[in-house]
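Let us take a walk through a protein together, one step at a time. Keep the picture open beside you and look for each part as we come to it.

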Amino acid sequence: MEHFAGVFNKMTSYYENLKTICLSRRSVRKFAPKIVPPEDIEKIKTIAYTSPYASNRKNWELVVVTDNTQIRNIVDQVGERINDLKMKVREDLQEGFSQYAAHFTEFGTAPVLIIPTFRISPGLSVMLSDPEENVAKWERDNYVKSISCVAMLVLLAVESLGLVGCYMTGPLLAEKEIGDMINIKKGRNIGAIIPIGYCQW
Ligand SMILES: Cc1cc2nc3c(=O)[nH]c(=O)nc-3n(C[C@H](O)[C@H](O)[C@H](O)COP(=O)(O)O)c2cc1C
């Protein structure tokens, strides 16, 4: 596709539109009981798939969950994990932890979860004759950073369609359990949970 960067610089309306979308975006965690049209989910995917990604390796994909019961089950699973963790938090900090972690399960009313997943494929780290931990970390970080770009595009696409959402990594304290529930492919990681839907108010 032709590169339009030069043209965009001169056309402030594109900038103004993007600015409007960015300024109106807010994290929303409570959703109206209204179905998101499948074509809107496809539109979100179209925007997400324009994302840049590290090392020219598109090792990520989006899993979409629309089953209400499954979403509730994921919330419950995260809740269980938080309860387990709370037992390990210092007693004087447990109340604060509970307040913080309450935000990790605030997606139970979402009609849709968009779940970016990714696979870490070693590149430089396997080229080294003497493996370095820092290089492996750098590699993993690159994939996580790629997923962050994807997630941001998801949020902007969501906003542009009159929907709302929230980028959540708190639920990933139960990443293994969530992965099992959504039948994530072997060797893949979950980058975030992005509940989306219509604003409740
Ligand atoms: C990496 C990352 C992780 C986040 N995880 C959560 C989360 O687990 N639960 C939640 O409710 N919000 C989460 N958020 C949303 C932030 O709380 C939110 O973006 C921030 O408070 C700013 O508010 P705004 O998005 O409305 O501008 C996360 C945001 C980022 C960037």
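Helices, of at least four residues, and strands, of at least two, are DSSP runs that are numbered from the N terminus. With that in hand, we can read the chain from its start: the elements run α-α-α-β-α-α-β-α-α-β-α-β-β. That makes eight helices and five strands. Please keep in mind that this is a predicted model.

Now step back and look at the whole. The C-alpha atoms fill a box of roughly 60 × 60 × 35 Å, taken along the principal axes. Of the 201 residues, 25% count as buried. Among contacts between residues at least 6 apart in sequence, 82% join residues at least 24 apart.

The strands are a good place to begin. Strand β2, residues 112–119, is mostly covered, with six of its eight residues buried. Which strands pair with β2? One partner is β1, which runs antiparallel to β2 and is joined to it by six bridges. In this pairing, W60 has F118 of β2 as its bridge partner. Strand β4 also pairs with β2 in the antiparallel sense, over three bridges, and here R119 is matched with R188 in β4. Strand β5 pairs with β2 as well, again antiparallel and over three bridges. Two of the matches are I114 with I194 and L113 with P195.

Let us stay with β5 for a moment. Two bridges join β5 to strand β3, residues 164–165, and these two strands run antiparallel. In this pairing V164 stands opposite G197. A general rule helps with what comes next: in a regular strand the side chains alternate between the two faces of the sheet. In β5, residues 194–197, I194 and I196 lie on one side while P195 and G197 lie on the other, and all of them are buried, so both faces of the strand are covered.

Next, turn to helix α3, which spans residues 38–48. Which of its residues are buried? They are I41, I44 and A48. Seen down the axis of α3, these buried residues fall within an arc of 55°, so they line one face of the helix. The spacing makes sense once you know a general point: an α-helix has 3.6 residues a turn, so residues three or four places apart point the same way. The face of α3 turned away from the buried side carries the exposed residues E39, E42 and T46. What covers the buried residues includes β1, β2 and α7.

These pieces come together in the interior. The largest nonpolar core has 39 residues, and those that touch the most other members are L113, I114, V154, V158, I194 and I196. The elements giving two or more residues to this core are α3, α4, β2, α7 and β5. Helix α7 gives the most, with eight residues. To see how such contacts link different parts of the chain, look at V154: leaving out residues up to four places away in sequence, V154 touches I44, A48, I114 and I194.

Two more residues are worth finding. The first is V75, in helix α4. Is V75 buried or exposed? A residue is buried if 20 or more other C-beta atoms lie within 10 Å of its own. V75 has 22 C-beta neighbours inside 10 Å, so V75 counts as buried. V75 touches T105, F107 and G108, not counting residues up to four places away in sequence. V75 and G108 are 33 residues apart in sequence, yet their C-alpha atoms are 6.1 Å apart in space.

The other is I193, which lies in the loop between β4 and β5. Because I193 has 28 C-beta neighbours inside 10 Å, I193 counts as buried too. Not counting residues up to four places away in sequence, I193 touches F107, L113, I115, M168 and P171. The C-alpha atoms of I193 and L172 are separated by 7.7 Å, although the two residues are 21 apart along the chain.

Our last stop is the ligand. Around the ligand you will find R26, S27, R29, H103, F104, E106, C166, Y167, M168, T169 and G170. This shell divides into four nonpolar, four polar and three charged residues. One of the shell residues, M168, is also among the residues that I193 touches.

Notes:
Residues are numbered from 1 along each chain as its sequence is written. This is a predicted model: local features need pLDDT of at least 70, side-chain atom pairs count only at pLDDT 80 or more; totals for chains, interfaces and linings use all residues. A residue is near a molecule or strand if its C-beta atom, placed from the backbone, lies within 6 Å of it. Ala, Val, Leu, Ile, Met, Phe, Trp, Tyr, Cys and Pro count as nonpolar, Asp, Glu, Lys and Arg as charged, and the others, Gly among them, as polar. A residue is buried if 20 or more other C-beta atoms lie within 10 Å of its own, exposed if 12 or fewer, and partly exposed in between; C-beta atoms are placed from the backbone. The arc is that of the directions from the helix axis to the C-beta atoms. Two residues are in contact if their C-beta atoms, placed from the backbone, lie within 7 Å. Two strands pair if DSSP finds at least two bridges between them. A nonpolar core is a set of buried Ala, Val, Leu, Ile, Met, Phe, Trp, Tyr and Cys residues joined through C-beta atoms within 7 Å.
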